[in-house]
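User: Please take me through this structure by question and answer, with the cut-offs stated as they come up.

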Amino acid sequence: MATSLREREGGPAMGRSAFRRSRGEGPFRYATTGAGILLLAIMAAIAVFLIVKAVPALQANSSHFLTERVWTPNATPPAFGIAALAFGTVISSFLALIMALPVAVGVALFISHYAPRRLAGVLGYIIDLLAAVPSVVYGLWGIIFLVPFMKGPSEFLNTYFGWFPLFSGDSVNSKSILTGSVVLAIMILPIIAAISREVFLQAPTMLEEASLALGATRWEMIRMSVLPFGRPGVISAAMLGLGRAMGETIAVALIFPATFTISFQVLTGNGNSIAANIANGFGEATAIGQGALIASGLVLFVITLVVNMAARLIIARRKEYSRAAA
């Protein structure tokens with residue numbers, strides 16, 4: 001009798017619905033698993049390709065690849081190293097991130113919690129459009145406008161803040177790591193702002209209203225409710241921007257002075273990056289030279305991978321971030 005009652009109440013229909021769900025869930029699970037495996041396979045294939053192409057040049061290299069500051073792979077015997085290029089890549093990217101992150105978070109908070117709805121919509125579209133601007137446009141703008149403009153600020157920093165190692169140096173050149181970092185900061189700012197804005201908009205409305213109901217000001221509400229919720233997303237956005245800054249090619253190739261020295265003086269005409277060196281040297285490189293450039297690309301691949309893994313570890317270490325990191 002109990003069985004027939006369940007059947008009259010729709011038991012078989014519910015069973016068919018559950019069967020349809022399970023039948024559709026299996027292929028979807030396999031498809032998503034296959035997509036993840038395919039992504040890992042593509043990354044592994046890229047790494048294998050870079051290693052295979054780089055090995056002949058590394059075997060012919062007459063100097064230490066990781067510590068040498070000279071880049072003469074087309075000479076006889078070839079001698080090249082990644083030290084200066086890796087240093088320039090890291091310092092310029094981190095300077096760009098330091099300059100872009102506070103501004104991007106401020107822009108995201110203004111759009112999500114301060115600006116009127118119509119203005120917020122317009123600003124959101126503008127930020128999205130800026131994120132899609134090709135890098136060559138930023139590079140041309142930097143070499144035509146920013147390099148001459150940065151002469152005055154560079155001299156000011158060197159004169160009044162020369163006691164700080166970054167702004168020290170006997171000579172100032174506006175075509176420097178600092179100028180390239182400014183261009184990189186402007187390039188990655190829309191990406192960080194757009195992602196942070198979307199994360200802040202996902203903050204639970206109940207938490208915000210509860211904070212305001214308890215007498216908190218808008219800034220206190222943002223500090224206690226919005227920022228803790230959005231912190232994992234901001235970290236992810238910052239790492240995404242840092243990855244783009246490290247891999248940027250055309251913009252920095254037009255601005256960086258293309259020297260192979262290691263110096264913390266960002267106002268002098270010293271500095272280069274891995275991506276800029278590849279763009280400037282690949283067309284005239286010999287077979288060994290192309291292998292050397294590919295080897296430097298492998299180093300950039302590893303640096304980017306390490307940075308992203310570090311970001312994931314930072315998020316996973318905090319208990320309150322565990323859900324976002326999962």
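Analyst: Buried means under 20% relative accessible area, exposed means over 50%, and partly exposed lies in between, with a 1.4 Å probe and protein chains only. This is a predicted model, in which local features need pLDDT of at least 70, side-chain atom pairs count only at pLDDT 80 or more, and totals for chains, interfaces and linings use all residues. Residues are numbered from 1 along each chain as its sequence is written, and side-chain values use heavy atoms, with hydrogens and water left out.

User: As what does Met43 count by relative accessibility?

Analyst: Met43 is found in helix 2 (residues 11-60); helices (H or I, at least four residues) and strands (E, at least two) are DSSP runs, numbered from the N terminus. The C-alpha atoms of Met43 and Phe301 are separated by 9.8 Å, although these positions lie 258 residues apart along the chain. At 31% relative accessibility, Met43 counts as partly exposed.

User: Which residue ranges does UniProt list as "transmembrane region", and how far apart are the end C-alpha atoms of residues 287-311?

Analyst: The unreviewed UniProt entry lists residues 30-52, 79-110, 122-147, 177-196, 249-267 and 287-311. UniProt positions are given in the numbering used here, feature names are shortened, and annotations may be inferred rather than shown by experiment. Residues 30-52 are 100% helix and 0% strand, with end C-alpha atoms 32 Å apart. Residues 287-311 are also 100% helix and 0% strand, and their end C-alpha atoms are separated by 36 Å.

User: What is the distance between the end C-alpha atoms of helix 7?

Analyst: The expected span of a helix is 1.5 Å times one less than its number of residues. For the 25 residues of helix 7 (residues 177-201) that gives 36 Å, which agrees with the end-to-end C-alpha distance of 35 Å.

User: Where in helix 7 does the kink lie?

Analyst: A bend at a residue is the angle between axes fitted to the seven residues ending there and the seven starting there. In helix 7 the kink is about 30 degrees, shortly before the proline Pro190, and lies at Ile188.

User: How many residues of helix 7 are buried?

Analyst: Ser181, found in helix 7, is buried with a relative accessible area of 0%. The C-alpha atoms of Ser181 and Ala96 are 4.8 Å apart, with 85 residues of separation in sequence. Helix 7 is largely enclosed by the rest of the structure, because its buried residues number 21 of the 25.

User: Is helix 4 oblique or parallel to helix 7?

Analyst: Axes are lines fitted to C-alpha atoms, for helices over the stretch in contact, and angles run from 0 to 180 degrees between N-to-C directions. The axes of helix 4 (residues 117-131) and helix 7 come within 8 Å and cross at roughly 135 degrees. Angles under 35 degrees count as roughly parallel, over 145 as roughly antiparallel, 65 to 115 as roughly perpendicular and the rest as oblique, so helix 4 is, relative to helix 7, oblique.

User: At which residue does helix 9 bend?

Analyst: Helix 9 (residues 218-247) spans only 38 Å between its end C-alpha atoms, where a straight helix of 30 residues would span 44 Å. The bend is about 50 degrees, with the proline Pro232 following within four residues, and is placed at Arg231.

User: Is the peptide bond from Thr76 to Pro77 cis or trans?

Analyst: Pro77 lies in the loop between strand 1 (71-72) and strand 2 (79-80). Most peptide bonds are trans. With omega near -5 degrees, the bond from Thr76 to Pro77 is cis.
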